[in-house]
Amino acid sequence: DGVAGQPLSLAVEVSIRDPQQVAIYSTWDLDVELVGSQSPRCPDDSKTLHVASDRLDLAWTQFASPAAPSNRMNFAEFENMLKQELLVAASQAQMLVLFRSLDTGGLIDAEQNNVPDGQLDKTEFSVASTQCLCVAGWGMGNYTIEQNDPLRAGQVNLFTTSECIALQTCPVGFLGILCRAAIAQIPRVIARLPRLLGTLSNSASAGVVRFS
């Protein structure tokens, strides 16, 4: 086991043995693939799309609603894109969790907050294909309300975090107005983790290949 960005504490040794567990001493080369090294990886509690950069525009054109006035992608089209473009084999419920995580705005509600609209526009699709987004209900920050005058609405102070954290649940009605306004402003985009790096090809010595 290893931690991304840090060297392995112990080398990994690979040997070929016969059924009697006697090492076969020979000269050979071995190539390995680190799990997670070939695909975009996200921090905890965040999601991304594995659409290759050279396929992004084509995938959008092929699966988004070209006839829609706003040219957006609904869930049915998103599900179709996952199955055909990315060959995803997951339940519809899992795909819906991903879809809702990538839908960050597009609708101005009655309180003038930008909230998810149940569709993806091309900007949301592009961001999701290049970065990670905190899952729905999580964000890159939180807020406090500074109440200096009991007769006036408090001052909302936002602060950011370096990881996705669970957002507060806002009270319904009037008491939740400031909370909902703050939640709508908390960013949900977080950078992807770097690819795992290490020795991926090596030659055997006395029948053993060592990777570090």
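This passage describes the salt bridges, a buried acidic residue, a helix packing arrangement and a surface patch in a predicted model.

The count of salt bridges in the model comes to five. One of them joins E85 to R55, with the closest N and O atoms 2.6 Å apart. E85 is located in the loop between helix 2 and helix 3 (92–102), and R55 in the loop between strand 3 (46–47) and helix 1 (56–63), so this pair ties together parts that are 30 residues apart in sequence. The relative accessible area of E85 is 18%, and the residue is therefore classed as buried, the limit being under 20%. R55, by contrast, is partly exposed, with a relative accessible area of 28%.

A further salt bridge is formed within a single helix. K83 pairs with E79, and their closest N and O atoms are 3.3 Å apart. Both residues belong to helix 2, where they are four residues apart, or about one turn of the helix. In general, an α-helix has 3.6 residues a turn, so residues three or four places apart point the same way. E79 is buried, with a relative accessible area of 13%, whereas K83 is partly exposed at 42%.

Helix 2 (residues 75–84) also contains E77. This residue is buried yet has no salt bridge; the nearest side chain of opposite charge, that of R72, is 10 Å away. When neighbours within four places in sequence are left aside, E77 is in contact with F63, A64, S65 and R72.

Helix 5 takes part in another of the salt bridges. R180 pairs with E111, the closest N and O atoms lying 2.8 Å apart. This pair links distant parts of the chain, since E111 is in the loop between strand 4 (106–108) and strand 5 (114–116) and R180 is in helix 5, 69 residues apart. Both partners are partly exposed: the relative accessible area is 31% for E111 and 23% for R180. The buried residues of helix 5 are C179, A181, A182 and I183. These buried residues pack against strand 7 (138–146) and strand 8.

A nonpolar patch on the surface is formed by F174, L175 and I177, which together have about 370 Å² of accessible area. Within this patch, F174 lies in the loop between strand 8 (155–166) and helix 5 (177–185). The relative accessibility of F174 is 69%, and the residue therefore counts as exposed, a class that requires over 50%.

Conventions:
Residues are numbered from 1 along each chain as its sequence is written. This is a predicted model: local features need pLDDT of at least 70, side-chain atom pairs count only at pLDDT 80 or more; totals for chains, interfaces and linings use all residues. Side-chain values use heavy atoms; hydrogens and water are left out. Patches are made of residues with over 30% relative accessible area and no salt bridge: like charges are joined within 9 Å, nonpolar side chains (Val, Leu, Ile, Met, Phe, Trp, Tyr) within 5 Å. Accessible areas come from the Shrake-Rupley method with a 1.4 Å probe; for residues, only the protein chains shown count as cover. A salt bridge is a side-chain nitrogen of Lys or Arg within 4 Å of a carboxyl oxygen of Asp or Glu. Helices (H or I, at least four residues) and strands (E, at least two) are DSSP runs, numbered from the N terminus. Buried means under 20% relative accessible area, exposed over 50%, partly exposed in between (1.4 Å probe, protein chains only). Lys and Arg count as positive and Asp and Glu as negative; His and the chain ends are not counted. Contact means heavy atoms within 4.5 Å.
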